[in-house]
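Work through the exercises below with the sequence and the 3D structure open. Each task is followed by a solution in steps.

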Amino acid sequence: MKKVHLTINRKTVEAREGMTILQTARSSGIDIPTLCYLKGLSPWGGCRLCIVEIEGSAKVVPSCSTPATDGTKIITNSDRLHRLRKATLELLFSERNHICPMCAYNKGDCGLQHQGYVHGLTGVPYQYLYPNLPVDLTARYFGMDHNRCILCTRCVRACDEMEGTHTLDIAGRGQHNRVVVDLDTTFGASETCTSCGACVASCPTGALFDKAAAFRGKLNRSTQHPTICGECPVGCGLTVYVQQGRVVNVMGDLESPVNHGHLCVRGRYETWAEPRERLAHPTLRAIHQPKPVTWDEASRAIAEATRGLAPEQMALLVSPRLTHEEAKAVQALAPRFGRVGMAAGRHEAALCRVARESTSKIEDLAHADAIILLGAQPSQTHGVVAARIRTQVRKHGARLLIFQARKSDLDACAEICAHMVSLDHALWDRVGAVLRTARHPVLVYGAGAMTDDGVTVMERLIEILESNDQAQSPILLPLPEGSNSVALVAAGIEPVEDVSAWLEASPVQYLHIIAGDAPDGGAHLLREKQATAAFQSAACLVVQASYRSALSNMAHVVLPSAIWCERGGTVTNLEGRDLEFRPILPPAGEARGNQAILKEIFR
Amino acid sequence: MSTPPKIKVATAWLGGCSGCHMSFLDLDERLIDLANLVEFTASPVTDLKEIPEVDVGIIEGAVCNEENEHILRTMRARCKILIALGDCAVTGNIPAMRNPFKLSEVVARGYVETESTQIGELPADPAVPKLLARVRPIHEFVKVDVHIPGCPPDADTIWYALTELLAGRKPKWDESNLRYD
């Protein structure tokens, strides 16, 4: 990489060719004020705060979008620049209704306020415009207050470049410029918004704010804790904001090699912004009413229920969310339970086996020029993978082909969508034409690729890819769905795809289900056919879970377990990375970690 | 030996919540130091109504009605240095949140339609000052010499601004002493 040399404020600095003046200055420890610039997004040059002077030129230029060139002499801090920047800020403050004391913004590091302070802005010499602007509160997790918007377009670019949906854009002219959702609808009515919250995380003012965090104190006065998201096997890095023993926000961890700061709705919001009833005490179901009891009483009740039972009369069904450490504790109980199984989706076992062998990384998508999505729904199940696919297609020209998957927003990015097996020659000719030009194909597949039809399509695709001798051999990226199912299956826990058949193999007297911190409290298990009847047939049903659900309501004994931010332990993500949960808060109420519970009950 | 003449100060509270005056009272024991240097004339704190000729005039609140405007113009005419104290005086702030709406709608909402109002009527007594169509910060009416933003400004910020002015300097503002909320 060619080096260039220039001076900034009379100091000689070095830059790689292609770096902007702003990047060069910041890498040399010289700060230039910015508002519309955000590291990781393409530069916009819209706010005009990062202007600098170049010797020999009467014009000032935005440093965020001007390349550093050899031999230029740059000044970033003259009186003239200060005056111009201050004037820009005065115009920004007077344009909309920036009523700081009434702002829902809680990040505590408002970019507009901060720049006002830095530039010593005590008032505005102009008349304020006081425009009448809407507030859109229709989204489930966040709101948009146009009164606070400075049109920096960071949200527009985050939506486009990180999530890849381009839900947001700017409409109108001049003073009537406004951020719009889709074709000027609301967030609630948007057909493309995935609620990933990248727009909110990138907003420098209070224009976009998280509803659950609004007016709840400043994030920069919270403690910040890194951990991981346990909702799917991607294992995104989270930064958890805590105030007074409460999670007040969750953002993507910029340092995470998995997600680089981006999250999907499950990690960003479903972890903390969803009202759910925590199970706070061990509970025994008396004749009519559930009764809170002590751990001792629960333990005695279970000892009573299991007394004299043979191992084949006892079954332990666990969630794929368990950590390695929790799985060890479960396996230690294997001699007492005739059956120990992990609840798994259809074809999860086969997927886990291939995922175990795979060395592919999500990052491999960044080099893909053709992405084949087979039998998977990443927009629903692995949001950050879906975002990578979208951005790779939309920003880097990769061609997307979708097979054996239900309709999703990704269809809009795809060149070919075959939702069902097709024998249509024209279709396969088109598939062949696309794949023949590919050099770096990536095949992303899920459970749907493991069905008979899926395998047929997969074989056909591999055949086409292998006939292309210009291409690298395709990178296969399997997407299992259980958060830690690959490792749990590898550790020897039996994946159970058909719970009722598993239970009916021989009658079960004692059934212990560890649903853990599944947001639905494990209720999804009841959607399996005849599962409800199978669970009810056990003389004693014990549910170990974090949230109240239809499943816990059925249980004879409920054991409250810790949630993601209260747990420690490791999991292995779908790329094979070992990732660590950090316990950030003590378990709520009487809840305990899964290992501690098993130790207490089966000591 | 004669003591130097005390600097005369007047304060007024226009369309605001009195929070800035409360924050001023938060100067606590520093009020005693201040009382040695300045003489408080008309002010909601002294309850003296008529503004005399003063050195420093301090205005809290935005200009919402004709009386506010009258007091502001009187203060400006009778003081040498005029200070806008707090966000309402500086930007219009919360009182100005009515500006995007029509005055008639705002008044009807406040006096007639509010959920807790049983039989509401619009105030019609000529003694009640007439509301202006839009709430305005004070610099839109008169020249302001010093702005102290904040809702309210901290006692420390007020102390800093007053002591600088008493020392004959213009306060310098930056990240360390500015706040808009």
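The exercises that follow concern strands, sheets and helix packing in a predicted model.

**Exercise 1. The three-stranded sheet**

Task: Determine the strand order of the open sheet that contains β11, β12 and β13 of chain A, and state its pairing sense.

Solution:

Step 1. The order is β11-β12-β13 in chain A, and the pairing is antiparallel.

Step 2. β11 (223-228) and β13 (246-252) of chain A each pair on one side only, and are the edge strands.

Step 3. Disregarding direction, neighbouring strands of this sheet are turned by 30 degrees against each other on average.

Step 4. Now take the pairs. β11(A) joins β12(A) in the antiparallel sense over six bridges, and H225(A) has V240(A) in β12(A) as its bridge partner. On the β13(A) side, V240(A) has V250(A) as its bridge partner.

Step 5. Strand β12 (residues 237-243) of chain A pairs with β13(A) in the antiparallel sense, over six bridges. In this pair T239(A) stands opposite M251(A).

Step 6. The hairpin of β12(A) and β13(A) has two residues between the strands, and Q244(A) in this hairpin takes a positive phi near 50 degrees.

**Exercise 2. Burial of β12(A)**

Task: Decide how many residues of β12(A) are buried, and sort them by face.

Solution:

Step 1. In a regular strand, side chains alternate between the two faces of the sheet.

Step 2. One side of β12(A) carries G237(A), T239(A), Y241(A) and Q243(A), while L238(A), V240(A) and V242(A) are on the other.

Step 3. A residue is buried when its relative accessible area is under 20%. By this cut-off both faces of β12(A) are covered.

Step 4. Seven of the seven residues of β12(A) are buried, so this strand is largely enclosed by the rest of the structure.

**Exercise 3. The eight-stranded sheet**

Task: Describe the open sheet of eight strands in chain A, then find which helices pack on the sheet.

Solution:

Step 1. The strand order is β15-β14-β26-β25-β24-β16-β17-β23 in chain A, with mixed pairing.

Step 2. At the edges are β15 (290-292) and β23 (494-496) of chain A, each pairing on one side only.

Step 3. From one strand to the next the twist averages 25 degrees.

Step 4. Strand β25 (residues 540-545) and strand β26 (residues 557-560) of chain A pair in the parallel sense over four bridges. Q544(A) stands opposite L559(A) in β26(A).

Step 5. Helix α7 (residues 295-306) of chain A packs on the sheet and touches β14 (283-285), β16, β24, β25 and β26 of chain A. The direction of α7(A) makes about 135 degrees with that of β26(A).

Step 6. Helix α18 (residues 594-601) of chain A also packs on the sheet, touching β24, β25 and β26 of chain A. The direction of α18(A) makes about 160 degrees with that of β24(A).

**Exercise 4. Strand β16(A) and its neighbours**

Task: Identify the parallel partners of β16(A) and assess the burial of this strand.

Solution:

Step 1. With strand β24 (residues 510-516) of chain A, β16(A) pairs in the parallel sense over five bridges; L317(A) stands opposite I513(A) in β24(A).

Step 2. With strand β17 (residues 339-343) of chain A, β16(A) pairs in the parallel sense over four bridges; A315(A) stands opposite R339(A) in β17(A).

Step 3. M314(A), L316(A) and V318(A) on one side and A315(A) and L317(A) on the other are all buried.

Step 4. Five of the five residues of strand β16 (residues 314-318) of chain A are buried, so the strand is largely enclosed by the rest of the structure.

**Exercise 5. Two helix pairs**

Task: Classify the packing of α12(A) with α13(A), and that of α2(B) with α6(B).

Solution:

Step 1. Two packed helices are described by the angle between their axes and the distance between the axes.

Step 2. Helix α12 (residues 425-436) and helix α13 (residues 452-466) of chain A pack at an angle of about 45 degrees, with axes 10 Å apart. α12(A) and α13(A) are therefore oblique to each other, and the crossing is right-handed.

Step 3. In this contact W428(A), V431(A), G432(A) and L435(A) of α12(A) meet V457(A), R460(A), L461(A), I464(A) and L465(A) of α13(A). These residues divide into seven nonpolar, one polar and one charged.

Step 4. Helix α2 (residues 30-37) and helix α6 (residues 155-166) of chain B pack at about 20 degrees, with axes 12 Å apart. That makes α2(B) roughly parallel to α6(B), and the crossing is left-handed.

Step 5. R30(B), D33(B), L34(B) and L37(B) of α2(B) make this contact with A155(B), D156(B), W159(B), L162(B) and L166(B) of α6(B). The residues divide into six nonpolar, no polar and three charged.

Definitions and conventions:
Residues numbered from 1 in each chain as written. Chains lettered and ligands numbered in written order. Predicted model: local features only at pLDDT ≥ 70, side-chain atom pairs only at ≥ 80, totals over all residues. Heavy atoms only, no water. Axes fitted to C-alpha atoms, helices over the stretch in contact; angles between N-to-C directions. Parallel < 35°, antiparallel > 145°, perpendicular 65-115°, else oblique. Left-handed = near helix turned anticlockwise from the far one by under 90°. Contact = heavy atoms within 4.5 Å. Nonpolar A, V, L, I, M, F, W, Y, C, P; charged D, E, K, R; others polar. Buried < 20%, exposed > 50% of the residue type's maximum accessible area, 1.4 Å probe, protein only. Pairing = 2+ DSSP bridges.
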